[in-house]
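Here are some short exercises to work through with the model open in your viewer. Try each task before you read its solution.

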Amino acid sequence: MGRFTVIFLILLCAVSLVFSQTTGKISGKVLDADTGEPLPGANVTILGTNMGAAASLEGDYFIINVPPGLYDLRAQYVGFSAVTFTKVNISVNRTTEVSFRLKTAVIEGQEVVIEAPKVQQKKDQTGSIRNVSSQEMNVLPVENTGVVVALQPGVVQGHFRGGRMNETNIMIDGVSVSNGLNRGQMIGVDPDAVQEVEVITGTFSAKYGEAMSGIVNMVTKEGGDRLHGKFEGYLGNYYTSHGDIYMGLKAGEIDRNRDFKFMVDGPIIRNKLSYFVSGRMEDNNNYLNGLRRFNITDEPNYGMFLNETMYDPTTGEYLLNQHTGDSSYVPMDWYTGLNLQGKLTYKAKNVKISGMYLLNQSESQGYSHTNKYKPDGRSRNHSNNNMFTLNLNHFVARNLFYDLKLSYSNSYYGNYVYENPLDLRYIHDRYAANTDYTGFITGGQDKGHYESTTDKYLGRLDLTWQINKNHSIEAGAEGVLYKYDSAYHSILNLYRNTQASNVLYAPEIMPDSSVYTDVYSKKPTQMAFWLSDKMEFDEMVINLGARAEYFDPNTTYPSNYRNPANILQKEDSPEWISTYPKADAKFNVAPRLGLSYALGKTALLRFSYGHFYQYPPHSDMYFNDNYIINPTNYTTTMGNPQVEPEMTVNYEIGLWQELNQYMDLEVALWYKDIYNLSTVNIQTTYNAVRYGLYGNKDYGNARGLELKYKARVAEFFAELNYTLQYTRGNADNPQFTFNRAGNSQDPIPTLIPMPWDQRHTLNMSLGYNRPKWNIAVLGWLGSGSAYTWSPIDQNPLNRVYLLPNNSKKPFSNNFDLKASYDLGAFKDYKIRLTMYVYNLFDHLNENGVNSNTGRTNQAIIRPQDRLGYWSDFSTYEESIYNPQNWSAPRLVKFGIGVVF
């Protein structure tokens with residue numbers, strides 16, 4: 001805690017002025033409707049809150065620190081009729097312009113009520129920012145925030161604008177929840193608890209960092225002054241015509257997937273203290289089954305399958321086909337999870353304090369095709385994640401407030417069969433056999449044991465200073481302390497080096513001085529400071545800033561990677577010896593620029609540019625911390641704490657156009673260069689063993705065009721977006737070049753398409769929303785991503801050097817539906833019936849394809865391919881056709897709930 005205290009004190013002492021990441025701003029003018037003259041001193045208030053402002057001598061006003069949501073905004077002036085705009089939508093980090101024209105009052109107390117326009121000019125938008133409100137998520141067939149993100153233009157197969165996976169920073173209430181160890185998300189939040197999701201797919205301002213491709217910021221809900229809530233329960237099952245692919249699915253099993261949700265919020269002390277609580281429990285068997293033909297202790301021997309003496313002459317049954325399983329269907333891709341959130345919010349005149357707790361717990365297994373007939377004895381995934389946050393928001397003056405955020409996150413992940421790696425229930429490795437003959441494992445257990453814990457302490461101080469109408473100074477500071485504890489063990493046989501090793505077994509794990517174990521504990525630190533000026537003029541907005549970032553891996557490294565563990569000794573060569581100096585701390589500065597220019601009242605032109613840095617997953621620095629190298633070439637990789645941050649240089653130009661009062665269109669063109677990507681370089685020891693060392697070398701670039709159309713007409717809404725994208729690079733993952741060298745292949749001499757290079761992507765959402773019922777459809781279409789086509793030996797092209805990712809998978813599409821209906825209310829209580837249908841048309845998308853044919857269910861099978869396949873329980877086709885390569889079949893969920 002000492003290092004975190006130092007970081008926190010530095011943070012508090014820094015000059016920290018930043019625009020809050022969980023609120024927005026309202027600005028505009030108050031004018032005389034008849035003369036156009038300003039009305040200085042006119043009062044503008046947000047109804048139902050204590051927030052407001054007075055117009056200046058020029059009639060200008062602004063209200064900062066407004067939480068996202070829909071509000072009614074009223075302007076009043078003595079002698080004039082009040083004007084109220086209803087349903088004014090405020091988004092995170094955005095300025096919403098609302099100007100008033102007041103008429104002289106004919107009748108005292110007269111008021112004009114106007115509904116805010118459906119389409120509002122995004123005057124301060126200098127990059128590609130999309131805000132999805134809770135009202136929109138409630139209508140759409142969306143049950144996790146990841147789907148909301150995936151539907152945005154520029155997001156293709158989870159990749160933001162062509163970047164590698166995990167080049168985004170996930171935030172909850174402006175607090176990063178990214179796990180530095182693996183760049184994954186430490187904790188999630190259920191859509192029922194989210195007020196708004198902000199998705200930035202292009203350039204972003206200096207207040208955001210630790211991301212090269214995008215930002216996702218989820219702002220959670222707060223309790224209100226009235227009791228609200230809902231309790232819902234769902235049952236789901238798969239109804240498909242493709243039973244030949246997905247075995248074991250039964251139409252009558254209506255509770256194959258179970259999902260229960262609740263959400264309650266309300267006041268504890270009205271107008272002062274409120275609470276928000278939500279929870280979700282899932283128990284999903286999903287759609288991929290195995291068949292328990294074999295138990296883990298079965299020992300069939302298919303090595304003798306073609307021996308004629310091994311058959312019963314009467315029955316013709318193979319004598320060594322031992323199988324004691326009960327032949328029942330077993331879910332192999334299942335998930336159980338618990339998600340809880342609690343939030344307390346205290347509000348005074350100028351102060352808001354909130355505390356939140358999040359809990360995610362889950363247990364799951366992924367499908368393994370080789371274990372299809374022996375589904376037991378496989379590792380399970382165990383996850384337990386907690387997050388505590390404390391947020392203080394304080395108005396110092398009408399144009400000045402600060403936001404202090406403190407958080408602690410703990411993330412545990414384990415993958416194992418038994419929690420104790422020395423558990424006596426582990427059995428001998430001889431049972432895991434027969435894959436060479438049948439393509440399937442007929443016994444045994446997984447023998448890897450991995451546990452990882454991440455503790456993350458974060459402090460962040462934000463302050464907004466709206467100097468005047470035109471300038472908002474934005475700066476800030478953040479400090480983070482990580483604590484990683486990671487342990488991987490291969491479970492070995494205690495008797496492996498004895499004559500009884502084929503018979504006796506007891507589990508054993510090796511110390512960290514062996515190639516069978518990788519254990520480390522690390523405490524890296526990072527800090528960031530940023531400064532920018534958001535300049536808002538009548539027709540132009542300029543956002544100019546810079547971000548400085550510091551990272552200390554807080555570990556040592558070997559000075560001589562040709563002998564990193566000092567295993568090799570030579571008396572007359574002292575230069576062989578490695579010492580272990582402290583790794584260097586890294587420092588970088590990233591400039592950011594955004595411009596927008598209003599082309600009249602109905603169009604906006606924008607441009608943005610920036611440098612964006614992100615460190616590789618910290619495991620790339622600490623992996624194989626014992627420096628032990630396997631004597632076999634190309635089997636060992638080693639982390640390197642001297643790696644530099646990866647960097648993206650991003651350019652974007654965009655146009656927003658209002659088509660009419662209900663519709664708008666947005667166009668964006670972008671390009672980015674990606675430098676210093678993580679890679680595994682080849683090192684050679686003094687005794688000529690080749691291994692991999694993480695470093696920075698790979699390069700990529702991406703370019704694209706995005707279109708987004710949005711319409712709101714009465715109760716109908718529609719949104720269409722299209723992404724045209726080209727993604728190139730010399731490697732699609734850090735191990736790419738190293739693995740090619742291990743397979744005696746040359747490095748790639750040019751830029752090639754990445755596996756997520758999908759040329760055309762179209763997303764759509766359509767819906768009709770009435771007070772008592774609604775229906776909505778989501779759909780996406782993709783032209784197919786890249787894969788590596790490999791011709792068979794008889795094809796003359798087999799002798800031609802073909803680059804990887806040289807062909808495209810088939811076209812894919814999917815449509816989901818949600819419909820709900822509210823039965824008659826009893827007082828304030830309603831019974832709500834809801835139906836979700838995922839993959840509405842039961843379409844099979846080919847996610848994985850055969851390298852010879854480019855199709856999932858087609859392979860070129862030659863007589864010699866069947867010669868080595870010996871099985872009496874499966875076919876050769878079954879061994880090579882994996883149902884996991886298809887997308888999920890149609891899933892129907894029915895739910896009933898109480899809403900109040």
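**Exercise 1. Find how many bridges join β39 to β40, and in which sense the two strands run.**

Step 1: this is a predicted model, so load it as such. Go to β40, which covers residues 690–713.

Step 2: count the pairing. You should get 20 bridges between β39 and β40, with the strands antiparallel.

Step 3: pick one pair as a check on the register. T679 has G695 in β40 as its bridge partner.

Step 4: look at the link. β39 and β40 make a hairpin with 5 residues between them, and in that turn A688 has a positive phi of about 70 degrees.

**Exercise 2. Now take β38 and β39: in what sense do they pair, and over how many bridges?**

Step 1: mark β38 at residues 646–658 and β39 at residues 663–684.

Step 2: read off the pairing, which is antiparallel over 12 bridges. For the register, G654 sits opposite A668 in β39.

Step 3: check the connection. A hairpin of 4 residues takes β38 into β39.

Step 4: put this beside the previous exercise. β39 pairs with β38 and also with β40.

**Exercise 3. Work out the strand order in the open sheet of 5 strands, and name its edge strands.**

Step 1: trace the neighbours. The order comes out as β10-β17-β18-β13-β14, and the pairing is mixed.

Step 2: look for strands that pair on one side only. These are β10 (129–133) and β14 (175–176), so they are the edges by that criterion.

Step 3: zoom in on one pair inside the sheet. β13 (residues 168–172) and β18 (residues 214–220) are parallel over 5 bridges. Within this pair, I172 faces M218 of β18.

**Exercise 4. How many cavities of 30 Å³ or more does the structure hold, and what lines the largest one?**

Step 1: search the whole structure. The count is 6 cavities at that cut-off, and the largest has a volume of about 270 Å³.

Step 2: list the lining. There are 24 residues, with T126, I129, F204, S205 and N543 closest to the centre.

Step 3: sort the lining by element. β17 (194–200), β35 (586–598) and β36 (603–614) give two or more residues each, with β35 contributing the most at 3.

Step 4: sort by class. You get 8 nonpolar, 9 polar and 7 charged residues.

**Exercise 5. Do the same for the second largest cavity: which residues lie nearest its centre?**

Step 1: get the volume, about 210 Å³.

Step 2: list the 23 lining residues; G209, E210, E478, Q526 and R547 are nearest the centre.

Step 3: go by element. At least two residues come from each of β13, β28 (448–466), β29 (471–490), β33 (525–536) and β34 (540–552). β34 gives the most, with 4.

Step 4: go by class. The lining splits into 10 nonpolar, 5 polar and 8 charged residues.

**Exercise 6. What radius of gyration does the chain have, set against the globule rule?**

Step 1: take the 900 residues; a compact globule of that length would come out near 29 Å.

Step 2: compare. The chain has 30 Å, so it agrees with the rule.

Step 3: add some context. The C-alpha trace spans about 110 × 75 × 60 Å along its principal axes, and 55% of the residues count as buried.

Step 4: finish with the inventory, which is 8 helices and 49 strands.

Technical notes
Residues are numbered from 1 along each chain as its sequence is written. This is a predicted model: local features need pLDDT of at least 70, side-chain atom pairs count only at pLDDT 80 or more; totals for chains, interfaces and linings use all residues. Side-chain values use heavy atoms; hydrogens and water are left out. On a 1 Å grid over the protein atoms alone, a cavity is a set of points where a 1.4 Å probe fits but cannot get out, and a pocket is an open set with protein on both sides within 12 Å along at least five of seven lines; lining residues have an atom within 4 Å of a point. Grid points are joined across faces, edges and corners, and a volume is the space filled by probe spheres set on the points. Ala, Val, Leu, Ile, Met, Phe, Trp, Tyr, Cys and Pro count as nonpolar, Asp, Glu, Lys and Arg as charged, and the others, Gly among them, as polar. The radius of gyration is taken over C-alpha atoms; the globule rule is 2.2 Å times the number of residues to the power 0.38. Buried means under 20% relative accessible area, exposed over 50%, partly exposed in between (1.4 Å probe, protein chains only).
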